[in-house]
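Open the model in your viewer and keep the sequence panel beside it. Each stop below gives a selection to make and then says what is found there.

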Amino acid sequence: MFGELKKHIAAFFTDMSLKKLIILALIALCILFPTILAISNAIYTTVKSSEPEDTPTVIIYDIDGNELFREVYERDYSGDASLVNIFLSIKSNMEKTTPITAQSSTEKSLVAEIIEQDGVTKLTCYFSFTHGDSYCIDANGQYYKIPSKYSDYFLSSSFAELLYNDANPPVLLTDDGQKIIPESTDWKYKSINNSFKTATLIKTTSDITTYDVSGGISLAFSESPDVCSVTVHEGDKLVFEGTLDELERITLDTSTELFLSVRADWLDTNDRSYNGTVNYRFKVIIHNRAEFSVNSYTLQSDGFVVLKATNISDRSKLAVTLPDAAVSPSAYYIDETAYVAIPYPHGYTGDVYTVNVSYGISAKSFELTLSDTSAVTKKNADDALNALSIDLRLFSVTNNDRIFLAGSQSGPSELGYTNGTAFGASVAIGNRLHTSPFIGNTVTGGSGLDVRSSVGGRVCAVGENVKLGKYVIIDCGLDIKLWYFGLSETTVSLGELIAVGDVLGTTDALALELGEGFYIMASCGNNVIDPKYIFEKVI
């Protein structure tokens with residue numbers, strides 16, 4: 001029978017047709033398919049087990065928590081080494097050990113955050129080029145030794161650059177502490193073998209990042225460059241070109257968004273372990289800019305104008321300049337608001353008086369119209385003061401922390417007195433008529449009645465004048481003083497704080513044959529002013 005079967009098989013292959021070949025192939029496939037499937041599955045399982053699941057991520061931080069580098073796993077990675085594979089290998093092969101003495105301070109630690117599907121592993125790693133074993137510490141404080149095979153993977157890769165402090169250029173910061181990210185760098189650092197390498201892992205951005213700053217632009221490097229240039233554009237307009245130190249002094253009238261370009265160079269010198277060039281391109285938006293205003297655009301010859309500046313957090317940066325360079329008015333502050341009193345500029349020639357004020361990038365000019373229609377002139381007032389033995393410079397004004405003029409003021413008439421002699425009227429002093437620098441206030445009822453302050457302030461002088469009797473001088477703030485003369489007694493002390501309505505002294509029989517009462521004189525800087533400007537103005 002077996003011989004017959006062989007004859008039939010031989011006849012089958014001898015008389016081979018297409019139909020018979022197809023039948024034969026199908027039979028073979030049915031027999032071999034389970035085997036092929038099993039082999040394919042084994043190959044797939046082997047390849048799959050050698051690759052990380054999903055897309056693990058490794059982020060490297062410095063010890064202060066600043067991100068240095070991150071990598072997301074890529075199956076087709078073609079670089080020298082994958083940061084993900086390096087740290088997955090370290091995680092899988094590190095060996096528990098007892099606490100290890102910290103490495104040399106010249107080798108900094110790195111914090112590696114390994115993010116996988118099943119959780120996050122955080123390791124503080126110490127890789128050593130020269131000081132023995134490398135090791136790491138997990139979030140629970142457990143020490144692990146990193147086998148040399150796996151630490152060498154890291155140390156021989158480009159990621160070893162992260163161990164060098166000098167592989168990153170000095171940081172550029174805003175005055176609010178924001179770190180400016182470079183656009184491009186050409187940076188070299190000295191490696192362990194004293195050769196210079198080009199840094200490749202510096203974080204840069206081609207995006208034009210916007211940073212918020214307060215008040216003005218103030219930038220500083222953690223270590224100053226040898227050469228630094230800055231340009232600032234407001235839209236298409238170039239508004240500044242200069243050095244970083246000069247940047248703080250730029251002033252602008254309107255812009256709140258600026259475009260900056262910064263180039264910084266650290267030169268190659270013998271005592272440096274780094275050198276290179278860093279370029280930055282970014283925008284800043286200015287918040288809380290200083291705003292300026294005046295209470296009047298007309299400056300009377302016997303009065304003053306108050307300049308107000310808001311959002312002044314650094315008082316040293318507020319600058320007020322007047323046409324007369326010799327005059328430098330003082331600013332007085334309430335919190336972050338500054339006030340400056342600008343008196344009439346006697347002796348100035350011209351119809352317009354320009355006041356310039358700046359703070360950081362904010363600046364403004366005020367053109368004040370001068371009006372000299374008052375009967376009081378500087379010369380006439382000086383003559384009267386000399387005749388009365390009064391020196392306006394005799395008492396210095398204290399730079400108070402607050403403005404006493406802010407709030408209510410009460411004129412003498414509101415306190416029960418009559419204006420007997422007007423400011424600017426003619427008054428006989430000795431054998432001559434002079435233009436009165438004061439107002440004389442009389443009262444019915446004789447001497448010894450209370451004289452109350454018309455303003456709040458601080459007593460800056462108490463004394464006696466040979467021609468006008470006892471006096472009290474109140475520092476009102478803004479370099480303004482209010483002088484009370486002709487008192488029979490004084491009841492306040494030097495340095496005492498005074499509120500509106502407080503008793504300063506008592507009335508007397510007035511000199512210059514003006515009856516009984518007291519005199520009020522006002523000064524702003526070295527100028528006599530009409531007291532009505534104090535009583536009528538709310539600062």
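**First stop: a mixed sheet**

Begin with an open sheet of four strands, ordered S19-S25-S24-S21, whose pairing is mixed. Strands here are DSSP runs of E with at least two residues, helices are runs of H or I with at least four, and both are numbered from the N terminus. Two strands count as paired if DSSP finds at least two bridges between them. The edges of this sheet are strand S19 (298–300) and strand S21 (319–321), each of which pairs on one side only. On average, neighbouring strands of this sheet are turned by 30° against each other, direction ignored. Axes for such angles are lines fitted to C-alpha atoms (for helices, over the stretch in contact), and angles run from 0 to 180 degrees between N-to-C directions.

This is a predicted model, in which local features need pLDDT of at least 70 and side-chain atom pairs count only at pLDDT 80 or more, while totals for chains, interfaces and linings use all residues. Residues are numbered from 1 along each chain as its sequence is written, and side-chain values use heavy atoms, with hydrogens and water left out.

Now select residues 352–359 and 362–371, which are strands S24 and S25. The two run antiparallel and are joined by eight bridges. To see one opposed pair, pick Thr354, which stands opposite Glu367 in S25.

**Second stop: an antiparallel sheet**

Next, find the open sheet with the order S18-S20-S23-S22, which has four strands and antiparallel pairing. Its edge strands are S18 (291–294) and S22 (331–334), each pairing on one side only. The average turn between neighbouring strands of this sheet is 25°, direction ignored.

Select S18 together with strand S20 (residues 304–310): four bridges pair them in the antiparallel sense. Which residue of S20 is the bridge partner of Phe292? The partner is Ala309.

**Third stop: the nonpolar cores**

A nonpolar core is a set of buried Ala, Val, Leu, Ile, Met, Phe, Trp, Tyr and Cys residues joined through side-chain atoms within 4.5 Å. Buried means under 20% relative accessible area, exposed means over 50%, and partly exposed lies in between (1.4 Å probe, protein chains only). The largest core has 54 residues, and those with the most contacts inside it are Phe304, Leu478, Ile480, Leu482, Tyr484 and Ile534. Another core lies apart from it and has 33 residues, including Trp187, Ala199, Ile250 and Ile361.

**Fourth stop: the largest pocket**

Pockets and cavities are found on a 1 Å grid over the protein atoms alone: in a cavity a 1.4 Å probe fits but cannot get out, whereas a pocket is an open set of points with protein on both sides within 12 Å along at least five of seven lines, and lining residues have an atom within 4 Å of a point. Grid points are joined across faces, edges and corners, and a volume is the space filled by probe spheres set on the points.

The largest pocket holds about 660 Å³ of space. Select Asp62, Asn168, Pro169, Val171 and Lys179, which are the closest to its centre of the 28 lining residues. Strands S2 (67–72), S9 (179–180) and S17 (274–287) are the elements that give two or more residues to this lining. By class, the lining of the largest pocket has 15 nonpolar, five polar and eight charged residues. Ala, Val, Leu, Ile, Met, Phe, Trp, Tyr, Cys and Pro count as nonpolar, Asp, Glu, Lys and Arg as charged, and the others, Gly among them, as polar.

**Fifth stop: two cavities**

How many cavities of 30 Å³ or more does the structure hold? There are two. The largest has a volume of about 50 Å³. Residues in its lining include Leu68, Lys108, Glu161 and Tyr164, and the lining divides into six nonpolar, one polar and two charged residues.

The second largest cavity has a volume of about 40 Å³. Among the residues lining it are His346, Lys378, Asp382 and Asn527. Helix H6 (378–387) and strand S39 (527–529) each supply at least two residues of this lining, and the largest share, three residues, comes from H6.

**Last stop: strand S36 and Val462**

Select strand S36 (residues 503–506), which pairs with strand S30 (residues 450–452) in the antiparallel sense over three bridges. Asp450 stands opposite Thr506 in S36. Strand S34 (residues 489–490) also runs antiparallel to S36, joined by two bridges, and Thr490 has Gly505 as its bridge partner there.

Finish at Val462, in strand S31 (residues 457–465). Val462 counts as partly exposed because its relative accessibility is 33%. Its C-alpha atom is separated by 9.2 Å from that of Ile474, twelve residues apart along the chain.
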